[in-house]
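Me: Please look closely at a single strand in this structure and at what follows it along the chain. I would like the cut-offs stated as you go, and a connected account rather than a list.

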Amino acid sequence: MFIDKMLLESLKAHLNCPDLLVFAYTEWGSRNPDHRKLIHAHRDQIILNSNSPLHSSIAHTSEMGVLAVSSHVIGVDIESTTRVSEVVAKRVSRPGEYEQAPSPASLWIAKEACFKALRPFKQPSVLSDFSVGKWQKNASQFETFTLLDYSEHQVPSEGAGVCFHQEKFSFGFFCVNL
């Protein structure tokens with residue numbers, strides 16, 4: 001598992017999401033033909049055993065799958081860090097957005113995590129229909145961001161997002177507190 005207890009506690013604090021659960025396993029990567037069944041079974045078990053409504057988000061690369069669960073609206077993304085090119089990141093950006101982002105991978109995973117978290121609200125049809133920004137480097141591992149145009153998407157706040165890079169993977173999380 002790539003998300004240890006200390007990292008999870010830091011995510012909870014930065015996202016203001018105290019009940020966040022995160023699971024990341026290599027067997028949930030898309031190279032495994034049963035990856036969807038495995039990750040959905042894990043998610044369903046958590047939701048089934050909960051006494052309160054939960055939100056979840058799932059992401060995967062060929063080598064890793066990630067599940068995030070919370071009572072708050074949550075979005076997660078994972079990407080192979082070197083896979084996201086400048087051209088791709090610019091294609092999903094609004095004017096000025098790419099230039100403010102720490103890296104193409106950070107921008108991509110931030111937008112993907114936000115996009116997933118926007119499902120219960122007015123979710124746009126493409127990543128270039130909303131902006132993330134207010135980037136800050138926190139500690140040595142976290143880059144934080146917010147959803148800039150949240151009112152256009154009927155989101156109650158700008159939310160809180162975190163990106164971090166571990167070995168060859170980049171992880172992005174976005175939480176909206178209701």
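Reply: Helices (H or I, at least four residues) and strands (E, at least two) are taken as DSSP runs and numbered from the N terminus. The model is predicted, so local features need pLDDT of at least 70 and side-chain atom pairs count only at pLDDT 80 or more, while totals for chains, interfaces and linings use all residues. Residues are numbered from 1 along each chain as its sequence is written, and side-chain values use heavy atoms, with hydrogens and water left out.

The strand is β4, residues 73-80. Burial is judged by relative accessible area: under 20% is buried, over 50% is exposed, and partly exposed lies in between (1.4 Å probe, protein chains only). Eight of the eight residues of β4 are buried, so the strand is largely enclosed by the rest of the structure. Both of its faces are covered, with Val73, Gly75, Asp77 and Glu79 on one side and Ile74, Val76, Ile78 and Ser80 on the other.

Part of the surroundings of β4 is strand β8, residues 169-176, which runs antiparallel to β4 and is joined to it by eight bridges. Two strands count as paired when DSSP finds at least two bridges between them. Within this pair, isoleucine 74 stands opposite cysteine 175 of β8.

Towards the end of β4, glutamate 79 is buried at a relative accessible area of 9%, yet this residue forms a salt bridge with arginine 83, the closest N and O atoms being 3.1 Å apart. A salt bridge here is a side-chain nitrogen of Lys or Arg within 4 Å of a carboxyl oxygen of Asp or Glu. Arginine 83 counts as exposed, at 59% relative accessibility, so the pair joins a buried residue to an exposed one.

After the strand comes the loop between β4 and α3, where threonine 82 lies. Threonine 82 counts as exposed, with 80% relative accessibility. Its C-alpha atom is separated by 23 Å from that of alanine 68, 14 residues away along the chain.

Helix α3 covers residues 86-91, and its glutamate 86 and lysine 90, four residues apart, are separated by about one helical turn. Their side chains meet in a salt bridge of 2.8 Å, N to O. Glutamate 86 is partly exposed at 42%, and lysine 90 is partly exposed at 41%. The structure holds 10 salt bridges.

From α3 the contacts lead to helix α5: Ala89 is among the residues touched by leucine 107 (heavy atoms within 4.5 Å), as are Ser93, Tyr98, Val132 and Trp135, leaving aside residues up to four places away in sequence. In α5, residues 104-117, 12 of the 14 residues are buried. Leu107, Trp108 and Ile109 are among them.

Leu107 also has a place in the largest nonpolar core, which has 26 residues; Phe130, Val132, Trp135, Phe145 and Phe174 are the others listed as having the most contacts inside it. Such a core is a set of buried Ala, Val, Leu, Ile, Met, Phe, Trp, Tyr and Cys residues joined through side-chain atoms within 4.5 Å. At least two residues come from each of α5, β5 (132-138), β6 (142-147) and β8, and α5 gives the most, with eight. Thus β8, the partner of β4, also supplies residues to this core.
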